[in-house]
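Visitor: I am new to this structure and should be grateful for a close look at one part of it. Might the strands and their pairing be described, with a word on the surroundings afterwards?

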Amino acid sequence: MKMVDLVTQSIVGSVANELLSLVRDAIKKSYNCKNYCKRLEKALEEIIPLLEEVITTGSEEISQLRQKQLGDLHKKLKDGTELVNNCSKVKRYNLYKSYKFANKILALEKYIINFHPKQGWLHTLCDMQHLSVSMKEGFEKIQVEIATRELQQPQLMIIDSMSQLQIDEEIRSHIPQIPELPKFPVGLQISIDELWKRLSPKDVSHVAVKGMGGSGKTTLAIALCTDPKIKDLYKDRIVFETVSQSPNLKVTIERLWDKIVRGHRPDFHNVEDAHMQFQQRLNQMKSRPTLVVLDDVWKKHHLEKLLFKAEGYKTVITTRDSLVEANCQYDLQLLRDADALSLFCFWTFGQHTVSETVDQNLVSQVIEECKGLPLALKVIGSSLCDKPPAVWRDAINRLSQAEPISDYHKDGLLSCLKTSIDILEREVHECFLDLGIFPEDRKNSVAALLDLWVYVHELDWEAAYRNLTELNSRNLLSLVNSPMDHFGNMCGSSFELFIQHDVLRDLALNLTRNEEPINMRRRLIMPRRENFVPRIWKRYADSPFNAEIVSLHTGMMNKEDWCHMNFPRTEALVLNFSASEYCLPPFLQTMHKLKVLVIVNYNSKRATLEGLSVLSSLSQLKSLRLERMIVPPLHNYCQSWEKLEKLSLSLCDGSEIMKWMQTSLCFNLPNLVELTIDHCSNLEELPACICNMTSLQKLSVTNCHDLYKLSDDLGKLSSLQMLRLYACPCLEELPYSICKLKHLKFLDISLCEYMQQLPDEFGQLSSLKVLDMRECSHVKKIPKSANGLKSLVRVICDEKIGRQWTAIKASSIPRLHVEVAEEHFHLDWLED
């Protein structure tokens, strides 16, 4: 082959320059293709200098293949001049022709930018792939604009047949779709304003809307997207993606690319590659306000692959779980009474108020069962639409027994909520089912629940607490106070209680029944309070019950009100009642395996227990909890309680506790490791006999407002690791013997407002790790010996005393963390 034909090369260069001139002219004249032409202009400006460089290398031998490539380029550029010339003549309103020319210009642009990277002899060429992506973005954006106009203005398009208008499905998918707002949404505006308040700050990139199933999270997200001020800000850049329980994350990111980037999408190798490339693309794009809703996200590792950061890029997540940090979470509240009534009436009567043909009392009872849950109000309301009073009364009875009132109720509500349970690990699933043994919408003891899991399910304490926090994070129960950290759960100032929603308890009971006969169930639970034992239980009284866990909820019970029942396998018994007198069930004598006994009185007055002799047979008992009782003389019945490890007395009469402890010199519980006395009035002194319980590891005396003195022999508790004296305002000092507690790790004296000082030898507590002394305002000085607390890692205190601890940290304990807490006065203990 001879040397390269310089004429051919010159012609190619000439045509390229001619095309460039036409393109620049088209940019001035064309409207619909202006941005396309701008991108083509850049492509030509890149290749023309390279063509001129080839011309200067006239002495180089070149193959026939390269000559052919230059010839092909010449032809493409020549066709391009005609294309651009025609494009500039297209009328502004002729969107169809503009769309056709746009595609052809796009093809020419691709040919040009793909031409020179393949030619090795253009050795001075830089990598053009990044420019290619940038140019494609511009063309694709115009494609979307053209396609959108075609959809919005079909009257401007003149076509002979549908075959002439083949709008690419990919372009259609670029147009974001937001689901329609459900019929008759109520109570949303406050939530919209609050959600936007949290999302709008510049440094906030995402907010998660958290709530139990059926609480209206998706409805709130849709309402946010359709709110006028949000639409005005984000315009056509609002994207709604449903993630669901088992998402294809790679496909989801591809859809996000199509709806947000709206340009050429590369092939993603896997989810990680998709996430990386999408984030890089966002970084390269010009910032524009973008709102993305990720609806129904179930798992944290799913969310991590779908969260992106860019200027103006905001993400709203709806979830039943705690997937993000607390400051980025919005807890969706259930409906207020007025909104709940309106929503129920809409689905039941087709209006906003109660129909005149229906008993208002029946309506109130049904709504009360729904407890403000939107899905329950919709499903149950629809089930009762146009039904006679007899059906309403039957529905109320069924709801009180945690039974579905219709197939729609079962499939539309309980099955929906069941999806939250199905994904739980088996161990956590079993723990959820145990929630049914406690009354709904009442504050229940976390300690009693944990004891159940530890002693019956044989979990270690840490695993039980982990399951508790997981159920809380998934909105399957609600902790009255947020879960504490590792130190807090041992010695924090928060007294934890939990509540559960009616509907979730109904779900637990439905799953517990499992269509098994009464005497074969693992959990035997009374769904609601009744005056006596359910009749159906009595039918099986002649045969043993296999239940490991039994829960009853009655009124006052006398000995003759109980029937003979046999529970040879029962390990946990919860007795809930509301009365001033209560006789313990005789069948306690058959519970030879009983490990956990919880007796709770919900009456406003303390109850007197009768039939105490049955307690003598509980040789396997490990945990006993009494609430709102006149404490009986337990020492008369505890001779067989050698295995008892935990004793909890709450809302009891402290004077009675003092009386039976002081008179029971033989009171001996050799394996008791935890004693809790909480909210016990009239308890002025801590009984001295407690100091003889050398096995005691945790002593908690909380919210005892009359307590003013601790025993001087407190130092005898040689095994004590935790001492909690929370909210005992009359307690003025700690006995000096406390400094002998060489194993004490956690000390809580918070809200002991009149505590005057810490003992001078306080520094002898060589094992102390955590000290909580917030709102101890009368303690003015930390003893000098505190410099010797080398194990201390955390102090929680008020600001003034915090300065002294900070000085100690600087001089003696460098790893100490001093946490200054804000004062927080409240009367929550009254409600508890």
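Guide: The account below treats the strands and their sheets, and then turns to charged residues.

The model shown here is a predicted one. Five strands form an open sheet in the order 2-3-4-1-5, and their pairing is parallel. Strand 2 (238-244) and strand 5 (329-331) occupy the edges; each has a single partner strand, so one side of each is left without a neighbour in the sheet. On average, neighbouring strands of this sheet are turned by 20° against each other, direction ignored.

Within this arrangement, one pair may be followed in detail. Strand 3, which covers residues 290-297, pairs with strand 4, residues 313-319, in the parallel sense, and six bridges join the two. One residue pair can be located by name: Val 297 has Thr 319 of strand 4 as its bridge partner.

A further open sheet consists of three strands in the order 6-8-7, and here the pairing is antiparallel. Its edge strands are strand 6 (444-445) and strand 7 (478-479), each of which pairs on one side only. Strand 7 is joined to strand 8 (residues 497-499) by two bridges, in the antiparallel sense. At this pairing, Ser 478 stands opposite Ile 499 of strand 8.

Beyond the sheets, charged residues deserve attention. The structure contains 25 salt bridges. Among them is the one between Lys 250 and Glu 254, whose closest N and O atoms are 3.1 Å apart. Both Lys 250 and Glu 254 belong to helix 10 (residues 249-261), where they lie four residues apart, about one turn of the helix.

Elsewhere, a patch of negative charge is found on the surface, where Glu 425, Glu 427, Asp 460 and Glu 462 gather. Of these residues, Glu 462 is located in helix 20, which spans residues 461-473.

Technical notes
Residues numbered from 1 in each chain as written. Predicted model: local features only at pLDDT ≥ 70, side-chain atom pairs only at ≥ 80, totals over all residues. Heavy atoms only, no water. Patch = residues over 30% accessible without salt bridge, like charges linked within 9 Å, V, L, I, M, F, W, Y side chains within 5 Å. Areas by Shrake-Rupley, 256 points an atom, 1.4 Å probe, with all protein chains shown as cover. Salt bridge = Lys/Arg side-chain N within 4 Å of Asp/Glu carboxyl O. Lys, Arg positive; Asp, Glu negative; His and termini not counted. Charge placed at Lys NZ, Arg CZ, Asp CG, Glu CD. Pairing = 2+ DSSP bridges. Axes fitted to C-alpha atoms, helices over the stretch in contact; angles between N-to-C directions.
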